[in-house]
Each structure stands twice: as C-alpha cells, then as structure tokens.
Amino acid sequence: MPPLLVLLGALVFTLVGTPAARHLAWRTGLTAAPSPLRFHSRPTPLLGGLAIYGAVMLALGLMGSRDAQSQLAGILGGGTLVALVGVLDDRRPLGPTVKLLAEALAGTVLIVTGVHVALLGGPRLALPGAAEVGLWDALLTLLWVTAVTNAANLLDNMDGVLGGVAAVAAGGFVLLAVGSGQQLVAPLAAALAGASIGFLVYNFNPASIFMGDGGSLFLGFVLAALGIKLRFPGMPVEISWMLPVLVLALPLFDTCLVMVSRLRRGVNPLTTGGKDHLSHRLVARGASPREAALTIWLLAVGSGALALYVRHATLAEAWLALSILAAAALWGLWSLELRPGAIRMLPAGSARPAGRPAEEVQP
C-alpha cells in the first residue's frame with residue numbers, strides 16, 4: 001500500500017473517530033480539569049489518543065503484506081502497552097516509576113522482536129529465536145525509547161503542539177524511508193502523520209479534546225521505534241545515527257530545557273509540572289497559543305529539513321550541520337533559561353505573564 005494512501009486512510013479514520021472518542025470521554029468522565037499548572041480554562045475530554053491509536057491500527061490494516069504486518073507486531077505491541085498505561089494514568093495518576101517501567105518493558109519488546117539500535121555492539125545477548133543483540137546496543141535502545149517517549153509526553157503541554165510536531169516528524173521519516181525504499185518505516189510513519197493531522201482539526205487552539213497520556217506516550221514510542229528502524233544501506237554509521245536525532249530534535253530540546261529549569265529551581269523534574277516549556281515561554285514573550293504552536297511546528301520543520309540535507313551530505317557536512325543545530329540549541333537554552341532576567345515560566349493560573357515580565361514565579 002503506497003504511504004500516501006495509508007496517510008489518507010489514517011487521516012479519515014481520525015476525523016471520524018475523534019468525535020466518538022470525545023463523546024466517550026464525556027460519558028466516562030475522563031476529562032482534564034482546569035489547574036494552575038495547566039493551560040486550559042475549562043474541563044476538556046482526554047481520550048483523543050484512542051482515536052489516534054485506532055486510526056493508526058486501521059490504516060495499517062489496509063496493508064496487504066503479511067510480512068509487513070509481522071514486522072510491525074513488536075512496534076505496535078509495545079505501542080499498545082504504553083498507550084494502555086497512558087490511559088490508566090489519565091484516569092488516575094500512576095506515578096513516573098510505573099510509566100518508566102512500562103516504557104522499558106515496551107522497549108524490551110522491540111529488542112526481542114529485532115527492532116534495536118545497531119551502533120555500539122558489546123557483549124552478545126542471546127534472544128528468543130536464536131537472535132542476538134549487543135549489550136550496549138540494547139541499553140542504548142532502552143535509553144532512546146524512554147527519552148523520546150517521555151519527550152513527546154512532556155511536549156503535550158499546549159493545544160496542537162505535540163500533534164503538529166508528531167505530524168512533521170512522521171512526515172520526515174516518510175520522506176527518508178521512501179527515498180531508501182523501506183517498506184516498514186514508510187507506511188507506519190505515514191499512518192502516524194495522517195492520524196496526527198486529523199487530530200489537529202480538533203486539538204488546535206481552542207482544543208475541544210486532548211490526546212492525554214495515552215496518545216502522547218503512543219506517539220512518542222512509535223516515533224522512537226521509527227528512528228531505530230530507519231536504515232540507510234551504504235551510508236556510514238557516523239552519519240546515519242544523526243538522522244533520527246535531527247528529526248526529533250525539537251521534542252528532545254524541550255525536554256532538556258524543562259529538566260535544566262526544574263533542576264535549577266531545586267524540584268524533581270519527573271514529578272513536578274509547570275508552565276516552563278518552550279511553548280509557555282513563547283507565550284510569556286507575547287505570542288498567542290496559536291502563534292506558539294505554529295512557531296514550534298516551524299522549528300520542527302527546520303530540524304527535519306536539516307535531516308533531509310544530511311541524508312545526502314558528506315561526513316564533514318553532516319557534522320557541520322549537527323554542530324550548527326547543537327549551537328542553536330545551546331543558545332536557546334541560554335536565552336530561555338540561563339540568561340539573567342530570562343522569563344523561565346508563566347505564573348501559575350495565567351495564560352500570559354503577570355507583573356513584570358522578568359520575574360520568575362516559583363511553583
């Protein structure tokens with residue numbers, strides 16, 4: 001099945017399924033109440049992730065290749081696990097430890113089914129079915145999966161932000177995969193892109209439904225798996241590892257920004273929420289929520305375009321591109337968090353900063 005048809009199928013399924021998920025959320029009471037640490041001002045349904053998950057599954061069901069569906073089993077199995085844990089967390093908070101354990105277990109499912117990093121090697125570990133994986137590759141796989149999954153979860157902090165970034169990242173993976181003839185990555189990424197775009201119709205500011213942890217964890221996990229599964233025969237490994245990092249640079253930067261900010265304030269970054277994300281800081285500087293989301297989407301497009309450039313670059317050009325992006329990220333971290341007088345977070349309960357803009361409000 002051509003990736004474009006899979007994308008359109010997922011788009012239609014999400015457009016049809018999201019209102020049903022919204023109705024179910026109202027009926028079951030699965031809603032997000034307004035809170036000083038949240039950006040919305042009225043109760044909002046949380047089951048948008050169910051529509052995204054269902055659309056991806058249905059769109060991939062259009063694929064007629066049994067081989068392709070067999071290869072997808074590990075990715076979708078792990079995605080189902082984290083989505084279920086996310087929905088349970090939406091119902092009643094489970095705590096970061098439970099979610100991290102679920103993500104590690106889902107990452108282990110990937111490794112066992114042969115979806116793992118092949119970069120560092122290490123002592124060989126025997127897997128079921130006579131397969132083997134290097135110890136360091138297995139550990140790096142788990143680190144990547146948990147980092148990207150949680151980065152997506154953290155990025156879901158304002159209307160439309162994660163949906164747009166996920167659509168851009170998945171679209172980047174589609175272009176990279178089609179150019180390399182990868183029959184697994186292309187349709188899965190296309191399904192993810194279509195579902196994300198369809199969900200944005202209901203989630204762009206003002207959102208009538210949120211994806212909840214069930215949706216954000218699912219999107220993050222599948223994006224992490226796509227980054228691992230992406231392969232470029234003949235490309236030096238010194239370049240190929242950069243491509244998924246570049247595609248997902250925006251959510252990874254937001255996570256670093258939040259972690260540094262909360263550690264500097266002396267709070268636990270895993271258990272303490274706050275309006276200290278990139279989106280909130282853009283609003284604190286005068287942008288509207290829509291403008292903040294669009295700005296973040298454009299930044300994600302820029303990093304994705306850089307990945308497409310690196311795909312055909314020499315080793316020296318690739319490292320130069322990565323160095324430029326790293327320098328931009330460090331400048332952003334300094335400007336947004338480390339610079340004296342920087343607005344580090346919105347005041348609790350405010351959509352825009354109150355009082356003098358240079359004041360930081362402690363949680």
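**A note on helix α5, the core and the largest cavity**

1. Helices α5, α6 (161-180) and α11 (249-264) each give at least two residues to the lining of the largest cavity. Helices here are DSSP runs of H or I with at least four residues, numbered from the N terminus. A cavity is a set of points, on a 1 Å grid over the protein atoms alone, where a 1.4 Å probe fits but cannot get out, and lining residues have an atom within 4 Å of a point.

2. A word on the basis: this is a predicted model, in which local features need pLDDT of at least 70 and side-chain atom pairs count only at pLDDT 80 or more, while totals for chains, interfaces and linings use all residues. Residues are numbered from 1 along each chain as its sequence is written, and side-chain values use heavy atoms, with hydrogens and water left out.

3. Back to the empty space: there are 2 cavities of 30 Å³ or more, and the largest has a volume of about 60 Å³, taken as the space filled by probe spheres set on the points, which are joined across faces, edges and corners. Helix α5 provides the largest share of its lining, 4 residues. The lining includes V148, A151, L223 and P251. By class it has 10 nonpolar residues, no polar and no charged; Ala, Val, Leu, Ile, Met, Phe, Trp, Tyr, Cys and Pro count as nonpolar, Asp, Glu, Lys and Arg as charged, and the others as polar.

4. L223 also appears in the largest nonpolar core, as one of the residues with the most contacts inside it, along with L188, L192 and L226. This core has 97 residues, and helix α7 (residues 185-203) brings the largest share, 12 residues. Such a core is a set of buried Ala, Val, Leu, Ile, Met, Phe, Trp, Tyr and Cys residues joined through side-chain atoms within 4.5 Å. Beyond four places in sequence, L192 touches V56, A170, F218, L219, V222, L223 and L226; contact means heavy atoms within 4.5 Å.

5. Two polar residues of α5 are worth a look. T141 lies in this helix and counts as buried because its relative accessibility is 0%, buried meaning under 20% relative accessible area (1.4 Å probe, protein chains only). Its side chain reaches the backbone nitrogen of V117 at 2.9 Å. Contacts of T141 beyond four places in sequence are I111, V115, H116, V117 and I228.

6. N153 sits in helix α5 (residues 135-155) too. At 14% relative accessibility, N153 is also classed as buried, and outside its neighbours within four places in sequence it contacts K99, D213, S216 and L217.

Definitions and conventions: Buried < 20%, exposed > 50% of the residue type's maximum accessible area, 1.4 Å probe, protein only. 1 Å grid on protein atoms, 1.4 Å probe; cavity = no way out; pocket = protein on both sides within 12 Å on 5 of 7 lines; lining within 4 Å. Polar contact = N/O pair within 3.5 Å; in protein donor to acceptor, adjacent residues only side chain to side chain.
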